[in-house]
Amino acid sequence: MIVALAGGVGGARLAVGLAAVLSPQILTIVVNTADDFEHLGFAISPDLDTVMYTLAGVANPATGWGRAQETWNFMLALEQVGGDTWFKLGDRDLAVHVLRTLALRRGASLSEITRVLATRFGIRHPVVPMSDSAVRTRVKTDCGELAFQDYFVRRSCRPRVEGFRFVGSRKARVPAVLLRIIRSGKVRAVVICPSNPYVSIAPILSVPTIGAWIRQRDFPVIAVSPIVGGVALKGPADKMMRELGSAATALGVVRHYGDWVDGWVIDHQDARLKRVIERQGKAVLVTDTVMNNRSKSTRLAKRVVAFAQALGSGK
Ligand code: FO1
């Protein structure tokens, strides 16, 4: 079995490629839920929805979040009656927020409603939240500590980041399906998708059972660098790295993750870093990591899986 850890857009795109290459019996996608929040009475799970919509082929290609062919009548009507419209909820997108909120209110777990929704979107691969209980990213900034969506959307990632807390991670309730996979001893590799190391991947690793499992692993962990040519392909990862004193380079990401990762996948643009990363004791695969269409996602996924298998046989 192969487990992929995914957050927002970058993670979703590699998840699509992995799902094209691996069967639902082999691949499980574990998704960050620390961006989740309650808004207008809805339980919102942005990264679960980005992964689900992207796998289903209905994600908005421009923004990476929300639905394609979206309309905004609800937002317009809400604005006319003085509602909060800083966090945009499209008319199609609303359907998932309503069903998830209703299910949670009736006592279903987040992993259960995620499984039901993914099935209804025709997704066959397991998409599993990292926790069925609330874990919330708090962003420490020069404007004080902010809730994640306040920092990310309302303030457009402008505040200077000083650190993060993942409130609730210590007592996070790992979904049963993920516990079974962890305890099965059948996992042959973990793939860390090119998501934001600080606010997409770190929250997943902060869940004690998941973090301990990966630390004591007997399989290779492969990570695809979210930084290409010194910039994040999407989102604030490079800005966060600079603000936290890391070099916003593929090497900076390697150093940031440290000994969690055995093999690194970096883009051709960063090929000059291969040797210095190998000197950190890592295996390195240099390839095209820019996934601007599904066939490139699939091609990258094929190479990542082959890389993982090569490292696994050596382990
Ligand atoms: N991101 C924005 O920058 N502006 C928005 O108005 C916005 C709305 C939104 C609605 C649903 C959803 O699932 C995601 C949404 N996002 C929006 C993206 C979201 O903040 C990010 O996807 C994650 O939290 C970080 O990956």
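Reader: Before we look at strands S13 and S14, what makes two strands a pair?

Author: Two strands pair if DSSP finds at least two bridges between them. Strands themselves are DSSP runs of E with at least two residues, and helices are runs of H or I with at least four, numbered from the N terminus. Five bridges join S13 to strand S14 (residues 283-287), so the pair meets the requirement of at least two bridges. These two strands run parallel, and Val265 stands opposite Leu285 in S14.

Reader: Is what I see a predicted model, and how are residues numbered? What should I know about that?

Author: This is a predicted model, where local features need pLDDT of at least 70 and side-chain atom pairs count only at pLDDT 80 or more, while totals for chains, interfaces and linings use all residues. Residues are numbered from 1 along each chain as its sequence is written, and side-chain values use heavy atoms, with hydrogens and water left out.

Reader: How do you know that S10 and S13 pair?

Author: Strand S10 (residues 221-224) shares three bridges with S13, in the parallel sense. At least two are required, so they count as a pair. One partnership to look for is Ala223 with Trp264 in S13.

Reader: Why is Pro46 called buried?

Author: Buried means under 20% relative accessible area, exposed means over 50%, and partly exposed is in between (1.4 Å probe, protein chains only). Pro46 has 19% relative accessibility, so it counts as buried. Pro46 belongs to helix H2 (residues 46-56).

Reader: What does Pro46 touch, not counting residues up to four places away in sequence?

Author: Pro46 touches Asp35, Asp36 and Gln149; contact means heavy atoms within 4.5 Å.

Reader: What makes H2 mostly covered?

Author: In H2, 10 of the 11 residues are buried. Among them are Asp47, Leu48, Val51 and Tyr53. Just after H2, Gly57 takes a positive phi of about 75°.

Reader: How do you know that both faces of S13 are covered?

Author: In a regular strand the side chains alternate between the two faces of the sheet. In strand S13 (residues 263-267), Gly263, Val265 and Asp267 are on one side, Trp264 and Ile266 are on the other, and all are buried.

Reader: What makes a group of residues a nonpolar core?

Author: A nonpolar core is a set of buried Ala, Val, Leu, Ile, Met, Phe, Trp, Tyr and Cys residues joined through side-chain atoms within 4.5 Å. The largest one here has 55 residues, of which Leu5, Val190, Ile192, Tyr257 and Ile277 touch the most other members. Apart from it lies another core, of 40 residues, including Ala19 and Val305.

Reader: Which strands are at the edge of the S7-S6-S8 sheet, and what makes them edge strands?

Author: This open sheet has three strands, with antiparallel pairing. Strand S7 (144-147) and strand S8 (161-167) are the edge strands, as each pairs on one side only. Four bridges join strand S6 (residues 136-141) to S7, including the one between Thr141 and Gly144.

Reader: Which residues come nearest to the ligand?

Author: A residue is near a molecule if one of its heavy atoms lies within 4 Å of it. There are 13 residues around the ligand, and Asp35, Asp47, Phe87, Lys88 and Gln149 come nearest.

Reader: What makes the approach of Asp35 to the ligand a polar contact?

Author: A polar contact is a pair of N or O atoms within 3.5 Å; within protein, one must be able to donate a hydrogen and the other to accept it, and residues adjacent in sequence count only if both atoms are side-chain atoms. A ligand oxygen is 3.0 Å from an N or O atom in the side chain of Asp35, so the pair fits the 3.5 Å limit. For Trp65, a nitrogen atom of the ligand is 3.4 Å from an N or O atom in the side chain.
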